[in-house]
Amino acid sequence: VQLQASGGGLVQAGGSLRLSCAASGRTFNSYDMGWFRQAPGKEREFVAGISWNGGSTYYKDSAKGRFTISRDNAKNTVYLQMSSLKHEDTAVYYCAAGRWQIATPQAVDYWGKGTQVTVSS
């Protein structure tokens, strides 16, 4: 599975962005998908995940109520809608795929290249 993330950019605090991740490969709909992020000088951390059929979603506590992950298996694409963005959300965001719940980097089988999200305060 190859993953390509897009949609990052510069946004003011309180604003919104939608990230997209397009996947190649015929087995996309057999993977849990998720988003991680990494800020400068910090470890990569889990943000949100979604089960292979979209029936289950899970989030980092600070993302609950502000971020929404979704997927369209017909388009081999997963999305992360981010709203009420804060300066501390600034990071490189990475799309990820794994066979099971991918709430940790160790559970990820495939990584996409990151997309930068910068939130100005």
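This passage describes the disulfide and one of the open sheets in a predicted model.

One disulfide was counted in the predicted structure. The bond joins C21 and C95, whose sulfur atoms lie 2.1 Å apart, and it connects distant parts of the chain, given that C21 belongs to strand β3 (residues 17-24) and C95 to strand β9 (residues 91-98), with the two positions 74 residues apart in the numbering sense of being 74 residues apart. The torsion about the S-S bond of C21 and C95 is about -85 degrees, and the disulfide is therefore left-handed. With regard to solvent exposure, C21 has a relative accessible area of 0% and is therefore classed as buried, the cut-off being under 20%. C95 is likewise buried, its relative accessible area also being 0%.

Strand β3, which contributes C21 to the disulfide, is also part of an open sheet of four strands, in which the order is β1-β3-β8-β7 and the pairing is antiparallel. The edges of this sheet are formed by β1 (2-6) and β7 (67-72), each of which pairs on one side only. When direction is ignored, neighbouring strands of the sheet are turned against each other by 15 degrees on average.

The contact between β1 and β3 can be described in further detail. These two strands pair in the antiparallel sense over five bridges, and within this arrangement S6 stands opposite S20 of β3. In general, the strands of a sheet pair through backbone hydrogen bonds, in either a parallel or an antiparallel manner.

Terms used: Residues numbered from 1 in each chain as written. Predicted model: local features only at pLDDT ≥ 70, side-chain atom pairs only at ≥ 80, totals over all residues. Heavy atoms only, no water. Disulfide = S-S within 2.5 Å. Buried < 20%, exposed > 50% of the residue type's maximum accessible area, 1.4 Å probe, protein only. Pairing = 2+ DSSP bridges. Axes fitted to C-alpha atoms, helices over the stretch in contact; angles between N-to-C directions.
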